[in-house]
Amino acid sequence: MAMTANAHTTLEDGSVGRFNLHRAAANHDRQDARAGFRYPQDHLRAAQAQDEGHTVGAAVVRSERMKAVFRLVERIARTNATVLIGGESGAGKEVVARAVHDFSLRCQQPWVDINCGALPDHLVESELFGYEKGAFSGADGQKAGMFELARGGTLFLDEIGELDAKMQVKLLRVLDGVPYYRLGGTRKVAVDARIVAATNKNLEQAVEAGTFRGDLFHRLNQVSIQVPPLRERVEDVAPLAYRFLHEVDPRLELGEDALNALEAYLWPGNVRELRNIITRAAVLAESCEICAADLNLKPPALGPLARPELRRQLGGVEEQAIREALAESGGRQDLAAGLLGISRRTLLRRLKEYKTRSNMGGCAPAVIPI
């Protein structure tokens with residue numbers, strides 16, 4: 001029995017079914033296991049590529065929010081401007097930073113990264129600037145610092161907001177182009193590395209609070225990129241989930257209820273949390289299809305002051321926004337979803353909820369085609 005990579009269906013909105021090839025592959029593996037049939041690897045790779053959606057390097061970019069981020073990345077990458085990337089922990093700041101390097105004219109040169117919050121303060125200086133033999137107890141030989149290792153390329157300073165005051169001063173001088181000495185050294189080292197920094201802190205507030213130098217902030221913030229949290233780019237959830245799933249076992253698939261649950265979840269831990277949940281579900285899976293129960297997603301806890309009447313008001317605001325988006329798009333659900341920054345699947349789920357509530361005597365939008 002043979003299949004081709006063109007074995008897919010077209011959805012009612014004209015788009016190609018994202019996961020049909022993968023499911024066809026899994027079904028064929030199950031149906032023809034006794035006959036020794038093995039699904040061709042090139043077809044499986046095609047299915048995986050389709051599942052992952054549009055990729056940019058290591059990033060999955062399907063949502064309009066992330067497309068806008070990467071349009072900005074492409075514009076600034078070919079300059080030597082210092083870049084400051086902000087965003088919540090786990091949102092993908094390092095992936096964006098790596099894209100800045102990959103799109104730049106330095107892409108063939110070294111990429112070096114250091115997490116400023118992962119090292120004790122007394123080690124940060126030696127890691128960044130290196131040291132000479134005998135500079136301190138245990139310095140048995142010469143060691144080049146990160147700035148030297150990144151010569152001609154890009155140095156990524158993650159969690160830059162964790163640097164202490166002393167290191168902030170020294171880093172500022174180096175960023176201004178002043179050559180520096182290795183610890184215990186007598187020969188100055190010139191800097192030729194593009195600096196990209198990232199933080200999950202609000203550095204402007206840190207400057208006001210006196211915990212971060214204002215001059216260093218402005219030096220780092222020549223160009224800024226804000227990575228949106230995963231809850232604000234729901235369209236990226238499914239392709240990311242399938243990418244992580246394939247990393248563990250490409251034979252597995254996500255059921256429709258699992259996809260709905262993933263897209264409805266708020267993702268306080270962002271992409272890192274998504275990877276962990278998918279990995280755990282794949283490892284513990286007892287069948288070829290992962291369902292919502294296998295994900296073990298915990299509903300977000302409401303604060304102690306949350307009141308039912310306010311929750312109802314929030315639902316009314318959301319419903320009104322959907323109504324206005326549908327009116328503006330002439331009833332086109334795909335266009336309305338794009339205006340709202342949500343997936344079409346999420347929009348359909350909301351519309352069904354409103355229809356059910358209307359049938360039960362609640363208030364529903366005047367005209368919302370389903």
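Here is a short chat about the cores and salt bridges of this predicted model.

Local features need pLDDT of at least 70 and side-chain atom pairs count only at pLDDT 80 or more, while totals for chains, interfaces and linings use all residues. Residues are numbered from 1 along each chain as its sequence is written, and side-chain values use heavy atoms, with hydrogens and water left out.

Colleague: Which element gives the largest share of the largest nonpolar core?

Modeller: A nonpolar core here is a set of buried Ala, Val, Leu, Ile, Met, Phe, Trp, Tyr and Cys residues joined through side-chain atoms within 4.5 Å. Buried means under 20% relative accessible area, exposed over 50%, partly exposed in between (1.4 Å probe, protein chains only). The largest one has 30 residues, and helices (H or I, at least four residues) and strands (E, at least two) are DSSP runs, numbered from the N terminus. Five residues, the largest share, come from α7.

Colleague: How far apart in sequence are the parts that Glu-88 and Arg-231 tie together?

Modeller: They form a salt bridge (a side-chain nitrogen of Lys or Arg within 4 Å of a carboxyl oxygen of Asp or Glu), with the closest N and O atoms 2.5 Å apart. Glu-88 sits in the loop between β3 and α4 and Arg-231 in the loop between β11 and α10, so the parts they tie together are separated in sequence by 143 residues.

Colleague: In the Lys-170 pair, is Glu-125 buried or exposed?

Modeller: Lys-170 and Glu-125 form a salt bridge, the closest N and O atoms being 2.7 Å apart. Lys-170 is partly exposed at 22%. Glu-125 has 14% relative accessibility, so it counts as buried.
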